[in-house]
Amino acid sequence: MTTAAAKPSLRDIPEIEDPLFAVALAKEVADHCDSLGARLFRGIGELRRLRSHANSLGYADSEIRAYIESDVEKARMRAKGEQLLNASGVSYDDPETFCAFGRAEIQKNSAIGALLRAK
């Protein structure tokens with residue numbers, strides 16, 4: 001058995017998965033709400049921090065890239081995001097619901113809200 005086979009999937013490491021999910025969801029909100037924008041540099045900084053943390057756990061950049069670019073992982077992340085958005089009353093048919101969700105996240109200073117800003 002190789003060392004790589006013994007490592008868990010990055011999706012199973014909460015300190016990688018949860019912040020990555022927050023970045024993805026903040027981007028989705030910013031893409032659908034005209035009055036909110038993504039804090040681009042903060043998001044990039046968070047992604048760099050996550051890569052560094054994954055590296056410190058023994059993951060090579062190629063493994064991290066494969067995880068992030070995986071169609072299966074993208075679909076899983078999208079489904080997870082849609083589930084949270086639906087549970088929060090967000091509808092793709094009503095952009096204002098994305099704005100209300102985003103403003104609430106900013107107000108809570110959540111991981112998602114910290115990555116958003118009012119335009």
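How many aromatic pairs does a search of the whole structure find? In this predicted model, the search returns 1 aromatic pair. The two partners are Tyr 92 and Phe 98, whose rings meet edge-to-face, with 5.0 Å from centre to centre and 70 degrees between the planes. The two residues can also be described by their accessibility: Tyr 92 counts as partly exposed, because its relative accessibility is 36%, whereas Phe 98 is buried, with a relative accessible area of 0%. Aromatic rings also take part in another kind of arrangement, in which a charge sits over a ring. The charged end of Lys 7 is placed over the ring of Tyr 59, at 4.7 Å from its centre, and Lys 80 lies over the face of Phe 21, with 4.6 Å to the ring centre.

The overall architecture may be considered next. The chain contains 6 helices and 2 strands, and, when these elements are read along the sequence, they follow the pattern α-α-β-α-α-α-α-β. Along the principal axes, the C-alpha atoms of the chain fill a box of roughly 50 × 25 × 20 Å. The chain has 119 residues, of which 35% count as buried. Among the contacts in the chain with a separation of 6 or more, 71% are accounted for by residues that stand 24 or more positions apart.

Helix H6, which covers residues 95-108, allows a simple check of geometry. Its 14 residues should span 20 Å at 1.5 Å a residue, and the C-alpha atoms at its ends are 20 Å apart, so the expected and the modelled values agree. The buried residues of H6 are Thr 97, Phe 98, Cys 99, Phe 101, Gly 102 and Glu 105; Phe 98 in this list is also a member of the aromatic pair with Tyr 92. These buried residues pack against helix H2 (14-32), strand E1 (36-38), helix H5 (71-87) and strand E2 (116-118). Thr 97, a residue of helix H6, counts as buried because its relative accessibility is 17%, which is under the 20% limit. When residues up to four places away in sequence are not counted, Thr 97 touches Gly 89, Val 90 and Ser 91.

What follows H6? The helix is followed by Asn 109, a residue with a positive phi near 55 degrees. Most residues other than glycine have a negative phi, and the positive value at Asn 109 occurs in a residue other than glycine. Asn 109 belongs to the loop between H6 and E2, and this residue is described as exposed because its relative accessible area is 60%, which is over the 50% limit.

A second residue that illustrates the packing is Leu 25, which lies in helix H2. Leu 25 is buried, since its relative accessible area is 4%. Apart from residues up to four places away in sequence, Leu 25 touches Gly 81, Leu 84, Leu 85, Phe 101 and Ile 112, and one of these, Phe 101, is listed among the buried residues of H6. In contrast to these contacts, the C-alpha atoms of Leu 25 and Arg 48, which are 23 residues apart along the chain, are separated by 17 Å.

Leu 57 offers an example from a loop, namely the one between H3 and H4. Is Leu 57 buried or partly exposed? With 37% relative accessibility, Leu 57 counts as partly exposed. Leaving aside neighbours within four places in sequence, Leu 57 is in contact with Lys 7 and Ile 13, and Lys 7 is also the residue whose charged end sits over the ring of Tyr 59. Leu 57 and Ser 110 are 53 residues apart in sequence, and the distance between their C-alpha atoms is 25 Å.

Finally, the empty space in the model was examined. Rolling a probe the size of a water molecule over the atoms shows where empty space is left. The largest pocket holds about 680 Å³ of space. Its lining is made up of 25 residues, and those nearest the centre of the pocket are Leu 20, Ala 24, Ile 68, Lys 74 and Met 77. Two or more lining residues are given by each of H2, helix H3 (40-56), helix H4 (61-69) and H5. Helix H2 provides the largest share of this lining, with 9 residues.

Note on methods: Residues numbered from 1 in each chain as written. Predicted model: local features only at pLDDT ≥ 70, side-chain atom pairs only at ≥ 80, totals over all residues. Heavy atoms only, no water. Phe/Tyr/Trp six-rings, centres within 6.5 Å; stacked < 30°, edge-to-face > 60°. Buried < 20%, exposed > 50% of the residue type's maximum accessible area, 1.4 Å probe, protein only. Lys NZ or Arg CZ within 6 Å of the ring centre and 35° of its normal. Helix = DSSP H or I, 4+ residues; strand = E, 2+ residues; numbered from the N terminus. Expected span 1.5 Å × (residues − 1). Contact = heavy atoms within 4.5 Å. 1 Å grid on protein atoms, 1.4 Å probe; cavity = no way out; pocket = protein on both sides within 12 Å on 5 of 7 lines; lining within 4 Å. Points joined across faces, edges and corners; volume = space filled by probe spheres on them.
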